[in-house]
Amino acid sequence: MTGKGFARRLFSIRPGGGIPCGKARGLSASGAGGGSMRGLSAFLHARTVPTLAGTGLVVLLGGAATPALANALLPDAATAGSAPAGPAARDQPGSRQVLPAFAPPIPLVGGGPSSFAPLVRKVVPAVVNIAVTRDTDPQARRKLPSSVRDTPLEHRYRERMRRHHDDLLEAGSGFLIDPSGVIVTNGHVVEDADRITVSLMGGQEYTATLTGLDPLTDIAVIKIDSPQPLPYVQWGDSRLVQVGDWILAAGNPFGLGSSVTAGIVSARGRDIGASPFDDFLQLDAPINPGNSGGPTFNLAGQVVALNTAIVSPTGGSVGLGFSIPSELVIPIVETLRRTGHIDRGWLGATLEDSATHTGVQVSEVDRNGPAFRGGLRKGDIITRLNTERVETARFLIRAVAAIQPETDAQITILRAKQSLVLGVHIGTRPDSEDGDTH
């Protein structure tokens, strides 16, 4: 077999189904979509190793390297002999390059946890499995959840559907934040549900009611009633989470039930195009369809994020998971508990970053919106909102949304190189607004 033939055998790639992306531009909510479990696969044909010479491929194998492989990868090895070269030999012309003396590798951090078991015992009883059903559409009864189709769980779910005479549309996760039965999850897990069933680690099942849902941040609160106090977890401060910190993710992957995975925080502040309010933590802990709505814990057992989305070409985890930081989740949850919905400020203008000025350019103005009534026009450059400098459209979108509706704001603009201050009465964001007008 030639070197090229080996390369083809080394990585055999088969295209597979991806995850439905919706508005997330190729990203899927990890509980909302599944896709085929077929995807990228690779295999290694060990018998082709001697043909690697000249291919540029380096393969790590278990066991000792063969002489042929050593000669192919390290040509000098054939003449070096078995004894290490002394100083005189290393200094001879044509010999291998001398490496500098390295400082001792002193670890900057201590070793990771020897076991996550104490943490798991503390927090997992408060993590719940969520099953969502709909029994109003006869055609939907024949559908399987995309998160379990073509997986070993398909037979199990068909049996469950047959017993209950309804269609299991979604399998997701959540976590209790109050002993009275208040549960936080993702909006896409429970939206449009006719029935929400919550299962605890001990096997108890409850029918939940929807307290409130915020589509823009994909956060929902549901409630179950129990005669006994329920286990619950506490919030942690996501502002203290650093890239590289250990985290533990818990949930209900593929409907299997309680499961935990560990990893680190890979990045902060990720914008994946899901909504104007994206500010995700990126995690490398395996997160799969069904984990949506589950918690991310720090090593103190506090919830620092809400697992929400994954990027995957295969339908399963490839180490790219995204979670909403607790600093964003907590105020939304508390408002949903009080009012059942979120009211956000609305300007009524389409905004984009300015390429020539410091500020945000107004590209369109809704003639029935607060911006037009306040004097804002297409082409204006917004430089300040009240006392805050405006440098990006993303910042302005969030700042306007955070203003209490039906209150006044001062907007400083540049128009024809003249600075003007406009008084705008901030409106209430309509439910029908998409991510472009604010």
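Two strands are taken as paired if DSSP finds at least two bridges between them. The model analysed here is predicted. On this criterion, strands β18 and β19 form a hairpin, with two residues between them. Asparagine 386 lies in the turn and has a positive phi of about 55°.

The hairpin is antiparallel, and two bridges join β18 to β19. Strand β19 covers residues 388–389. Within this pairing, arginine 384 stands opposite arginine 389 of β19. Strand β18 also pairs with β17, which spans residues 360–365. That pairing is antiparallel too and runs over two bridges. Here valine 360 stands opposite isoleucine 382 of β18. A further partner is β20, residues 408–415. Four bridges join β20 to β18, again in the antiparallel sense. Isoleucine 382 has isoleucine 413 as its bridge partner in β20. Isoleucine 382 is thus placed opposite valine 360 and is bridged to isoleucine 413.

How far is β18 enclosed by the rest of the structure? Strand β18 comprises residues 381–385, and four of these five residues are buried. The strand is therefore largely enclosed by the rest of the structure.

Aromatic contacts were examined next. A pair of aromatic rings is described by the distance of the centres and the angle of the planes. The count comes to three aromatic pairs, with ring centres required to lie within 6.5 Å. One of them is formed by phenylalanine 175 and tryptophan 235. The geometry of this pair is edge-to-face, at 5.7 Å centre to centre and 80° between the planes. Phenylalanine 175 belongs to strand β3 (residues 167–176), and tryptophan 235 to strand β8 (residues 234–235). The pair therefore ties together parts that are 60 residues apart in sequence. Phenylalanine 175 is buried, with a relative accessible area of 0%.

Phenylalanine 280 and phenylalanine 322 also form an edge-to-face pair. The centres are 6.2 Å apart, and the planes make an angle of 70°. Phenylalanine 280 lies in strand β11 (residues 280–283), whereas phenylalanine 322 lies in β14 (residues 321–325). This pair thus ties together parts that are 42 residues apart in sequence. Phenylalanine 280 counts as buried at 6% relative accessibility. Phenylalanine 322 counts as buried at 5%.

A charge also sits over a ring. The charged end of arginine 377 is placed over the ring of phenylalanine 372, 4.1 Å from its centre.

Asparagine 252 is a polar residue in a buried setting. Its position is the loop between β9 (246–251) and β10 (259–270). The relative accessible area of asparagine 252 is 4%, so the residue counts as buried, the cut-off being under 20%. A polar atom of the asparagine 252 side chain lies 3.2 Å from the backbone oxygen of glycine 172. Glycine 172 is also among the contacts of asparagine 252 beyond four places in sequence. These contacts further include Asn129, Ile130, Ala171, Ser173 and Gly257. Pro289, Gly290 and Asn291 are contacted as well.

Over the whole protein chain, there are ten helices and 22 strands. The chain has 438 residues, and buried residues make up 44% of them. Among contacts with a separation of 6 or more, 64% join residues 24 or more positions apart. The accessible surface comes to about 23200 Å². Carbon and sulfur atoms account for 54% of that surface.

Conventions: Residues numbered from 1 in each chain as written. Heavy atoms only, no water. Buried < 20%, exposed > 50% of the residue type's maximum accessible area, 1.4 Å probe, protein only. Polar contact = N/O pair within 3.5 Å; in protein donor to acceptor, adjacent residues only side chain to side chain. Contact = heavy atoms within 4.5 Å. Phe/Tyr/Trp six-rings, centres within 6.5 Å; stacked < 30°, edge-to-face > 60°. Lys NZ or Arg CZ within 6 Å of the ring centre and 35° of its normal. Areas by Shrake-Rupley, 256 points an atom, 1.4 Å probe, with all protein chains shown as cover.
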